[in-house]
Amino acid sequence: MNKKKIILLSLDVLFLAILIVIDQVTKFFAVQHLKGSAPFEIWEGVFELKYLENRGAAFGMLQNQKVFFIFIASVILMVIAYVLVKAPTQNKYVKLHFALVLVAGGAIGNMIDRLRFDYVVDFLYFSLINFPIFNVADIYVTLASIFLVILLLFVYKESDLEFLSFRTKKFREVK
């Protein structure tokens with residue numbers, strides 16, 4: 001592994017650590033200040049802080065499936081680690097690193113909750129549209145997913161992602 005790759009992966013780990021700390025600190029404050037309390041309105045009729053212990057996934061689906069969620073998150077994290085290690089060090093792949101580290105930060109943030117509490121702490125609520133209560137880790141995953149779709153549709157060409165192929169360079173040249 002060359003020096004540029006080591007620096008890039010080190011920055012990924014630093015960014016990941018910052019994301020996890022932000023997520024866990026916000027959840028800590030939610031537990032300390034919102035648990036057992038009435039919702040705190042930020043913008044009346046639009047947005048509030050409302051404590052929820054979510055034992056499911058998005059929108060409360062698959063309640064009490066802790067082992068399943070931890071397994072899926074672990075697989076996703078292994079795939080992300082593989083892609084980050086395999087990705088070339090060219091500047092055009094920095095966006096890919098950013099998006100994948102965001103997904104990893106969200107996955108790890110919620111996995112920490114599942115391992116510690118058997119549920120995920122949610123506290124952000126758009127009451128105007130009765131949107132499901134969510135947290136900072138969910139924001140990471142949502143924004144990263146949108147960004148990844150944009151990258152895959154409009155930025156990267158198929159040849160830009162050949163580094164993910166399991167086929168050898170010699171095999172690709174024969175084709």
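**Loop residues, aromatic pairs and helix packing in a predicted model**

Asp 118 is partly exposed, with 42% relative accessible area. That value falls between the 20% limit for buried and the 50% limit for exposed residues, so Asp 118 belongs to neither class. The model is predicted. Asp 118 sits in the loop that runs from H3 to strand S3, residues 120-126. Its backbone is notable. Most residues other than glycine have a negative phi. Asp 118 is not a glycine, yet its phi is positive, at about 75°.

Asn 130 shows a positive phi too, near 50°, and this residue is likewise something other than glycine. Its place is the loop between S3 and H4. Asn 130 has a relative accessibility of 57%. Since exposed means over 50%, Asn 130 counts as exposed.

The overall layout is as follows. The protein chain contains 5 helices and 3 strands. Their order along the sequence is α-β-β-α-α-β-α-α. The C-alpha trace spans about 65 × 30 × 30 Å along its principal axes. Of the 175 residues in the chain, 37% are buried. Sequence-distant contacts were also counted. Taking contacts between residues at least 6 apart in sequence, 69% join residues that are at least 24 apart.

Aromatic pairing was examined next. Rings count as a pair if their centres lie within 6.5 Å. The count by this rule is 10 aromatic pairs. One of them joins Phe 15 and Phe 98, with 5.4 Å from centre to centre and 15° between the planes; this pair is stacked. Phe 15 belongs to helix H1, residues 3-34, and Phe 98 to helix H3, residues 94-117. The pair thus links distant parts of the chain, 83 residues apart. Phe 15 has a relative accessible area of 25%, so this residue is partly exposed. Phe 98 is partly exposed as well, at 39%.

A second stacked pair is formed by Tyr 93 and Tyr 156. The ring centres of Tyr 93 and Tyr 156 are 5.7 Å apart and their planes meet at 10°. Stacking requires planes under 30 degrees apart, so the pair qualifies. Tyr 93 is placed in the loop between helix H2 (66-86) and H3, whereas Tyr 156 is in the loop between helix H4 (136-155) and helix H5 (169-174). The pair therefore ties together parts of the chain that are 63 residues apart in sequence. Tyr 93 is buried, at 3% relative accessibility. Tyr 156 is also buried, with a relative accessible area of 6%.

Other ring arrangements were found. Phe 47, Phe 126, Phe 131 and Phe 134 make up one aromatic cluster. Lys 50 lies over the face of Tyr 125, at 4.9 Å from the ring centre.

Helices H1 and H3 pack against each other. Two packed helices are described by the angle between their axes and the distance between the axes. The axes of H1 and H3 come within 9 Å and cross at roughly 40°. This angle is not under 35 degrees, nor does it reach the 65 to 115 range, so H1 and H3 are oblique to each other. The crossing of H1 past H3 is right-handed. On the H1 side, the contact involves residues including Leu 8, Leu 9, Asp 12, Phe 15, Leu 16 and Leu 19. On the H3 side, the contributors include His 97, Phe 98, Val 101, Leu 102, Ala 104 and Gly 105. The stacked residues Phe 15 and Phe 98 are therefore also part of the helix contact.

His 97, in helix H3, is buried, with a relative accessible area of 1%. Leaving aside residues up to four places away in sequence, His 97 touches Leu 8, Leu 9, Asp 12, Leu 84, Ala 87 and Pro 88. Among these, Leu 8, Leu 9 and Asp 12 are H1 residues of the helix contact.

Val 136 lies in helix H4. Its relative accessibility is 14%; the limit for buried is 20%, so Val 136 counts as buried. The C-alpha atoms of Val 136 and Thr 26 are separated by 7.5 Å, although the two residues are 110 residues apart along the chain. With residues up to four places away in sequence left out, Val 136 touches Ile 22, Asp 23, Thr 26, Phe 123 and Leu 124. Asp 23 also appears among the H1 residues in contact with H3.

Terms used
Residues numbered from 1 in each chain as written. Predicted model: local features only at pLDDT ≥ 70, side-chain atom pairs only at ≥ 80, totals over all residues. Heavy atoms only, no water. Phe/Tyr/Trp six-rings, centres within 6.5 Å; stacked < 30°, edge-to-face > 60°. Helix = DSSP H or I, 4+ residues; strand = E, 2+ residues; numbered from the N terminus. Buried < 20%, exposed > 50% of the residue type's maximum accessible area, 1.4 Å probe, protein only. Lys NZ or Arg CZ within 6 Å of the ring centre and 35° of its normal. Axes fitted to C-alpha atoms, helices over the stretch in contact; angles between N-to-C directions. Parallel < 35°, antiparallel > 145°, perpendicular 65-115°, else oblique. Left-handed = near helix turned anticlockwise from the far one by under 90°. Contact = heavy atoms within 4.5 Å.
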